[in-house]
Amino acid sequence: MSDSDDASPPQFVRLEDEISEEEVDWEDPSDGGVLTKVLGACESGSGDAQSLVSLLRSLTVSIDSKGAEGDTALHNACLYGHTHLVQVLLQSGASVQIKDNDGGTPMHDACAGGYFEIVCLLITSLRASSEGEVLSAVNAQDGDGETPLHVATRGGHVEVVKILLQNGANKETKSEAGLVPRDYSVEGSELDHLMKIEQAPGTPK
């Protein structure tokens, strides 16, 4: 499966003054710098799935180890929309619930980018454990109190919003700023309509 299944991921050029003190101080804890290679591959999307599998076999630390920016390999693959690499990481046991330094999960990253197929992969992986895991992930709040539904709505990603709601995302959760997901939708839009539909029975408040 190739990245063509999802929209082309955004490309960012980092400025020198954007490099944090934590990044400067970070040292790769893995033998041979393999973690750096894994994180880089999952960010850039370079190489095929088998190349990542080979790197993971040589990784001497946890697959959930964080890089200089506090992201795991799964965070990176989800943020940049690399579906084939997300599949490898999930099959290798990467945690969907782990948070980065800002409290965001891989689900937040996938939803922010509108990567519908990746969101479905994450939900399927969680469902293999329990429905409770799915509910926890779709309602997880980051450091700003925002859930995946907040970020998906802000990005205007209708299909992602639908799949989140179908899997128990709570429309009434307020962020630290006191905003619910609907506050990011345009009045009268499809997203606005979705947010007005009565919350499904049993959905956590």
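## Arg 182, Asp 192 and Lys 196

Arg 182 is partly exposed, with a relative accessible area of 36%, and in this predicted model its side chain meets that of Asp 192 in a salt bridge, at 2.9 Å from N to O. Asp 192 lies in helix 11 (residues 190-196), whereas Arg 182 lies in the loop between helix 10 and helix 11, so the pair ties together parts that are 10 residues apart in sequence. The two partners fall into separate accessibility classes, since Asp 192 has a relative accessible area of 3% and is buried, while Arg 182, at 36%, is partly exposed.

Asp 192 also takes part in a salt bridge with Lys 196, for which the closest N and O atoms are 3.2 Å apart. Here both residues belong to helix 11, where Lys 196 and Asp 192 are four residues apart, about one turn of the helix. Lys 196 has a relative accessibility of 48% and therefore counts as partly exposed, the class that ends at 50%.

## Glu 159, Lys 162 and Glu 190

Where else do salt bridges link residues in a network? Glu 159, Lys 162 and Glu 190 are linked in this way. Within that group, Lys 162 forms a salt bridge with Glu 159, and the closest N and O atoms of the pair are 3.6 Å apart. Lys 162 and Glu 159 are three residues apart in helix 10 (residues 158-166), which means that about one helical turn separates them.

Both members of this pair count as partly exposed, with a relative accessibility of 25% for Lys 162 and of 45% for Glu 159. In general, side chains of opposite charge can pair when their charged atoms come close. A search of the whole structure finds six salt bridges, among them the pairs Arg 182 with Asp 192, Lys 196 with Asp 192 and Lys 162 with Glu 159.

## Helix 7 against helix 10

Helix 10 carries the pair of Lys 162 and Glu 159, and it also packs with helix 7 (residues 116-127), at an angle of about 15° and with the two axes 9 Å apart. Helix 7 is therefore roughly parallel to helix 10, because the angle falls under the 35 degrees that bound this class. The crossing of helix 7 and helix 10 is right-handed.

Phe 116, Val 119, Cys 120 and Ile 123 of helix 7 make the contact, together with Glu 159, Val 160, Ile 163 and Leu 164 of helix 10. Sorted by class, the residues of this contact comprise seven nonpolar, no polar and one charged.

## Leu 164 in helix 10

Is Leu 164, which is found in helix 10, buried or exposed? Leu 164 is buried, with a relative accessible area of 0%. If residues up to four places away in sequence are not counted, Leu 164 touches Cys 111, Val 119, Val 138, Pro 148, Leu 149, Ala 152 and Ala 169. Of these, Val 119 is one of the helix 7 residues that make the contact with helix 10, and Cys 111 is one of the helix 6 residues in the contact with helix 7.

Leu 164 and Asn 139 are 25 residues apart in sequence, and their C-alpha atoms are 9.0 Å apart in space.

## Helix 6 against helix 7

Helix 7 has a further packing partner in helix 6 (residues 106-113), and the axes of these two helices come within 9 Å and cross at roughly 155°. Helix 6 and helix 7 are therefore roughly antiparallel to each other, as the angle is over 145 degrees. The crossing of helix 6 and helix 7 is left-handed.

The contact is made by Pro 106, Met 107, Ala 110 and Cys 111 of helix 6 and, on the side of helix 7, by Ile 118, Val 119, Leu 122, Ile 123 and Leu 126. Its residues divide into nine nonpolar, no polar and no charged. Val 119 and Ile 123 of helix 7 are named in the contact with helix 6 and also in the contact with helix 10.

## The chain as a whole

The secondary structure of the chain comes to 11 helices and zero strands. The chain has 205 residues, of which 46% count as buried. Among contacts between residues at least 6 apart in sequence, 71% join residues that are at least 24 apart.

Methods: Residues numbered from 1 in each chain as written. Predicted model: local features only at pLDDT ≥ 70, side-chain atom pairs only at ≥ 80, totals over all residues. Heavy atoms only, no water. Salt bridge = Lys/Arg side-chain N within 4 Å of Asp/Glu carboxyl O. Buried < 20%, exposed > 50% of the residue type's maximum accessible area, 1.4 Å probe, protein only. Axes fitted to C-alpha atoms, helices over the stretch in contact; angles between N-to-C directions. Parallel < 35°, antiparallel > 145°, perpendicular 65-115°, else oblique. Left-handed = near helix turned anticlockwise from the far one by under 90°. Contact = heavy atoms within 4.5 Å. Nonpolar A, V, L, I, M, F, W, Y, C, P; charged D, E, K, R; others polar.
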